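Trainee: I would like to learn how to read buried residues, pockets and helices in a protein model. Could you take me through one, step by step?

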Amino acid sequence: MNKNKNFCVKIACFLMVFLSFNTASQAQNSECKDKLVAFEEFAKTNNFDDSTYEPWLDLKKKCAKFDESIYLIGENILKQKIYKANASEAKNGIVNELASLYDEHDKNFPNNNKGNKLNKALLLYENKVGSEVEIYSFLDKAFKTDYVQFKSPNALNIYSELLVNQYNSGDKGISSEDALQKLDLIAEKTQIESKAIEQAISGLVLKAKTVTLIAEEQRTVDNANISLEQLSLVSENLTGRINAIANCEVLSSFYEKNFDKNKDNALWLERAADRLVDKKCKSDLYVKISERFHSVSPSSKSAYNMAVVSRSAKNNTKAAEYFAQAADLQVDVTKKAEYFYTLATTYGYANKAKAREAALKALELKPSMGKAHTYIAQLYANSSNDCGENGFESKAVFWLAAESAKKAGVVEPKYKKSADDLAESFMKKAPSKKEIADAKRKSGQSIALKCWINETISIPKI
């Protein structure tokens, strides 16, 4: 009986303490809410200037765990103070205060998703506070813990730069394998962010082809393109940094060891293929990675890689198939035109009809492509012995070749001299004035050229 009585007393005491604590907590929350509302009105009126610092500091001290907007407001206030401090002695102290605020924000609101570790690292780097080793350590941790927020081109570039600096300084904690692994992960993050931006604006890009975008939409596209250019620069820097620490042998070994666990990762396969090409490591490993990339994620790029592999193996039939796929899947008009031109040269003299067809497709996409006209002219000239029913008609093919060559100089003026010189060389091989008369022909008459050419040419006035 006494045991039950004692138990009830304990329960009653617990409830009293709990209710008392809960009431006090509610009272504090109510007070903090009033303080925060009053401060926000005060801060807005004073545009978060220096007069807001002390009241904010008092609010944070008394209501540190009430609302995370206290930390966001504080970040704004301290950033303004840093800007105004410029190069004064007080600046470093304010920078360190903001760095501590990021830590405090994470401590009191651990799931805030604001990327504070990254914010802290960039703050210290940009204001030259703290050592390079410390900043690299913060970035390294942030890349693991704040991966989603780690998307700034500037942050990705600084992280890779400091990583290589630490490796080059002889940091025993970073082997060449570790450095390559981390640089590869940074490259993957760069790819992910680029593809996300491209996907986000794809609808607007398509819309812009048919209608004029409104100002807000155009700004979105312009800002996205700026970010893509910045990420492209990050990729270029990464390539340079990887090339600086890894020769072909090291790079091939790295990708060989990591192939099995990444054989279904299209981004990894694409990246590995690009790195090996850039380093001129076109080995059996490159072929294996290219084949797997095309199998896992068929695209214009993967098809192009396979075309290059096939051409290196002197299998022009397969190369042509893959170049055709690369051209069909390509959405960028300029690249698409180039791929069709490459397809034309791959068909070459072995299949002149297909070669001309591909060159003409290139010209449809890019009418200013002078080299396509030149190539067609050479295809014609190479057929002079095949496409005439007699000697006169065979030589008449050179008129068509000269006509095509001249077009190159018209559509692309920088080729005018070489195009005119080529046309002149063809004209010297065409029928002379005497040969025209001997064949009982005259200027203006049409000649139907047979075989794959299947074109009609008018006899020029000579």
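Mentor: We shall take one residue, then a cavity, then a pocket, and finally a helix, keeping in mind throughout that this is a predicted model.

Trainee: Let me begin with K60: is K60 buried or exposed?

Mentor: A residue counts as buried when its relative accessible area is under 20%. K60 has a relative accessible area of 14%, and therefore K60 is buried. This residue lies in helix 2, which runs over residues 53-62.

Trainee: Which residues is K60 in contact with, leaving aside its neighbours within four places in sequence?

Mentor: With those neighbours set aside, K60 is in contact with I70, Y71, L101 and E104. Keep Y71 and L101 in mind, since both names return when we come to the lining of the largest cavity.

Trainee: How many cavities of 30 Å³ or more does the structure hold, and which residues line the largest cavity?

Mentor: A cavity is a space where a probe fits but cannot get out, whereas a pocket is open. The structure holds 1 cavity of 30 Å³ or more, and the largest cavity has a volume of about 30 Å³. Its lining consists of Y71, L72, E75, L101, Y102, H105 and N116, and the elements that give two or more residues to this lining are helix 3 (69-85) and helix 4 (91-108). Sorted by class, the lining has 4 nonpolar, 2 polar and 1 charged residues.

Trainee: What volume does the largest pocket have, and which residues lie nearest its centre?

Mentor: The largest pocket has a volume of about 1,800 Å³. Of the 46 residues that line the largest pocket, K195, E198, E270, K301 and K335 lie nearest its centre. Helix 8 gives the largest share of the lining, 11 residues, and by class the lining of this pocket has 18 nonpolar, 14 polar and 14 charged residues.

Trainee: For helix 17, what span should I expect from its 12 residues, and how far apart are its end C-alpha atoms?

Mentor: The expected span is 1.5 Å times one less than the number of residues. For helix 17, residues 370-381, the 12 residues should span 16 Å, and the end C-alpha atoms are 17 Å apart, which agrees.

Trainee: Which elements do the buried residues of helix 17 pack against?

Mentor: Helix 17 is mostly covered, as 9 of its 12 residues are buried, including H373, Y375 and Y380. The buried residues of helix 17 pack against helix 15, helix 16, helix 18, helix 19 and strand 2.

Technical notes
Residues numbered from 1 in each chain as written. Predicted model: local features only at pLDDT ≥ 70, side-chain atom pairs only at ≥ 80, totals over all residues. Heavy atoms only, no water. Helix = DSSP H or I, 4+ residues; strand = E, 2+ residues; numbered from the N terminus. Buried < 20%, exposed > 50% of the residue type's maximum accessible area, 1.4 Å probe, protein only. Contact = heavy atoms within 4.5 Å. 1 Å grid on protein atoms, 1.4 Å probe; cavity = no way out; pocket = protein on both sides within 12 Å on 5 of 7 lines; lining within 4 Å. Points joined across faces, edges and corners; volume = space filled by probe spheres on them. Nonpolar A, V, L, I, M, F, W, Y, C, P; charged D, E, K, R; others polar.
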